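Please examine the sequence and structure shown below. The briefing that follows covers charge, overall form, surface and one selected residue.

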Amino acid sequence: APCTTFCGDGLKVGKEECDDKNKNQGDGCSAQCLVEPGYLCPTPGQSCKLAVCGDAIITPPEMCDDGPNNGKGYGFCGAACKLGPRCGDGVKNGAEACDDGNWVDTDPCTNACQINLN
């Protein structure tokens, strides 16, 4: 008998993005074996994992993910893994006293986008 594969058999084959051995919706891997938004499904046959902002993996609907530095002024990703005005983007925004777009903390503009008084 010929071998056949299907969505729900635990094997990621063909156009399947994931296969968690079931056809349940809402568990990360859809009934059509497509990865659902906000989930990671790295291992066929295993349950999917809910993606977390701060895990350094950009998972839709995240726009970015700088890992543990999200929203701390290092890099370009906000605390909710959304892009937006931030320190280091080269544009003075909000409470920033300056923004020179670099990560040199000893120049006239610090890494926290404040005037260096030293």
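In the charge count, Lys and Arg are positive and Asp and Glu negative, with His and the chain ends not counted; each charge is placed at NZ of Lys, CZ of Arg, CG of Asp or CD of Glu. This is a predicted model, in which local features need pLDDT of at least 70, side-chain atom pairs count only at pLDDT 80 or more, and totals for chains, interfaces and linings use all residues. Residues are numbered from 1 along each chain as its sequence is written, and side-chain values use heavy atoms, leaving out hydrogens and water.

**Charge**
- The protein carries 17 negative and 9 positive side chains, and 6 Å separates the centres of the two sets.

**Overall form**
- The protein contains 2 strands and 0 helices (DSSP runs numbered from the N terminus: E of at least two residues for strands, H or I of at least four for helices).
- Along the principal axes, the C-alpha atoms occupy a box of roughly 80 × 20 × 20 Å.

**Surface and burial**
- About 7,400 Å² of the protein is exposed, with 59% of it supplied by carbon and sulfur atoms (Shrake-Rupley method, 1.4 Å probe; for residues, only the protein chains shown count as cover).
- Buried residues make up 31% of the 118 in the protein (buried is under 20% relative accessible area, exposed over 50%, partly exposed in between; 1.4 Å probe, protein chains only).

**Leu-50**
- Leu-50 belongs to strand β2, residues 49-50.
- Leu-50 counts as exposed because its relative accessibility is 58%.
- Beyond its neighbours within four places in sequence, Leu-50 contacts Gly-38 and Tyr-39 (heavy atoms within 4.5 Å).
- Gly-84 lies 34 residues from Leu-50 in sequence and 24 Å away in space, C-alpha to C-alpha.
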